[in-house]
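Open your viewer and keep the selection box handy. We will go from stop to stop, picking out a few residues each time.

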Amino acid sequence: LTSASRLPANRGNAFQGPVKVGPFDVDGEMARKWLVGPTNPNGRRNVDVVRPLLNGMDITRRPSDRWIIDFGSLPEVEASAYEWPFEYVLLNVKPLRDENRRERRRQFWWQHGETVPGIKRAVQGINRAIFTPRVAKYRLFVWAAPVVVPDSRVVIVARDDDTAFGILHSRFHELWSLALGGWHGVGNDPQYTPSLGFETFP
């Protein structure tokens with residue numbers, strides 16, 4: 001198994017969630033206030049950039065009702081047109097990013113540290129996607145809407161068919177991912193990675 005190659009047919013389907021590098025997440029009360037707020041100067045609503053967030057605890061325990069501001073790769077002038085979310089990031093994220101050692105993260109302070117644009121391309125045209133924690137004692141997968149943003153500790157698989165969902169839950173895939181994944185955390189729990197756990201699986 002250690003010599004298994006990444007299969008071209010599996011590429012562009014599974015991704016680790018974006019690395020935020022700053023407090024881009026907000027509670028549900030604030031998010032819903034923004035979502036029903038007035039139209040922005042650009043004629044768009046905040047639903048474009050305020051999206052539900054899914055982390056590992058949401059999957060293994062109970063939903064936390066966390067949301068995230070996600071400007072993707074928008075230039076600053078376009079992001080600033082979403083007034084309330086942009087103001088929040090300006091006040092809460094920019095001061096931290098100004099001290100960041102990486103030039104890109106200082107320069108593009110309103111964007112996540114790693115934006116993972118491939119996720120948005122991959123989920124276009126599907127009605128749901130598959131999510132799994134990167135580190136968990138037991139390997140489990142759940143459905144969520146494709147608009148949901150996975151936390152950096154969550155993997156999203158851009159498939160909406162029951163067959164893929166069933167195969168990922170199979171004993172075959174569990175053993176495969178255990179053999180090729182790492183171990184992490186206090187309990188030395190198995191780690192699932194898109195490149196090894198998913199892309200090599202035939």
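How many of the residues of strand E5 (residues 129–133) are buried? Select the strand and see: 5 of its 5 residues are buried, so E5 is mostly covered. Keep in mind throughout that this is a predicted model.

**Stop 1: strand E5 and its partners**

Show the side chains of E5. Ala129, Phe131 and Pro133 point one way, while Ile130 and Thr132 point the other way, and all are buried. This follows a common pattern: in a regular strand the side chains alternate between the two faces of the sheet.

Now add strand E6 (residues 142–144), which pairs with E5 in the antiparallel sense over 3 bridges. Here you can find Ala129 opposite Ala144 of E6. Next, add strand E8 (residues 154–157), which is joined to E5 by 4 bridges and also runs antiparallel to E5. In this pairing, Phe131 stands opposite Ile156 of E8.

**Stop 2: an open sheet**

Select strands E2, E4, E3 and E7. These 4 strands form an open sheet in the order E2-E4-E3-E7, with mixed pairing. At the edges are strand E2 (25–27) and E7, each of which pairs on one side only.

Inside the sheet, zoom in on strand E3 (residues 50–54) and strand E4 (residues 66–69), which run antiparallel and are joined by 3 bridges. Click on Arg51: its bridge partner in E4 is Ile68. Keep Arg51 selected, as this residue also belongs to the next stop.

**Stop 3: the cavity**

What lines the largest cavity? Besides Arg51, select Pro18, Asp70, Thr115, Val116, Ile119, Lys120, Val148, Val149 and Pro150. Helix H7 (117–123) and strand E7 (149–150) are the elements that give two or more residues to this lining. Coloured by class, the lining shows 6 nonpolar, 1 polar and 3 charged residues. The space inside is about 70 Å³, and the structure holds 1 cavity of 30 Å³ or more.

**Stop 4: helix H9**

Move on to helix H9 (residues 171–180) and pick out its buried residues: His173, Trp176, Ser177 and Leu180. Why do they lie on the same side of H9? They cover an arc of only 95° around the axis. The spacing helps to make sense of this: an α-helix has 3.6 residues a turn, so residues three or four places apart point the same way. Bring helix H8 (162–168) and helix H10 (194–198) into view as well, since the buried residues of H9 pack against both.

**Stop 5: two loop residues**

Is Gln191 buried or exposed? Look for this residue in the loop between strand E10 (189–190) and H10. Its relative accessible area is 18%, and buried means under 20%, so Gln191 counts as buried. Apart from neighbours within four places in sequence, Gln191 is in contact with Arg134, Val135, Arg139, Gly181, Gly182, Trp183 and His184.

Finish at Asn40, in the loop between helix H1 (28–35) and E3. Asn40 is buried too, with a relative accessible area of 7%. Not counting residues up to four places away in sequence, Asn40 touches Arg45, Asn46, Ala81, Tyr82 and Glu83. For a last try of the distance tool, pick the C-alpha atoms of Asn40 and Gln124: these two are 84 residues apart in sequence and 24 Å apart in space.

Conventions. Residues are numbered from 1 along each chain as its sequence is written. This is a predicted model: local features need pLDDT of at least 70, side-chain atom pairs count only at pLDDT 80 or more; totals for chains, interfaces and linings use all residues. Side-chain values use heavy atoms; hydrogens and water are left out. Buried means under 20% relative accessible area, exposed over 50%, partly exposed in between (1.4 Å probe, protein chains only). The arc is that of the directions from the helix axis to the C-beta atoms. Contact means heavy atoms within 4.5 Å. On a 1 Å grid over the protein atoms alone, a cavity is a set of points where a 1.4 Å probe fits but cannot get out, and a pocket is an open set with protein on both sides within 12 Å along at least five of seven lines; lining residues have an atom within 4 Å of a point. Grid points are joined across faces, edges and corners, and a volume is the space filled by probe spheres set on the points. Ala, Val, Leu, Ile, Met, Phe, Trp, Tyr, Cys and Pro count as nonpolar, Asp, Glu, Lys and Arg as charged, and the others, Gly among them, as polar. Two strands pair if DSSP finds at least two bridges between them.
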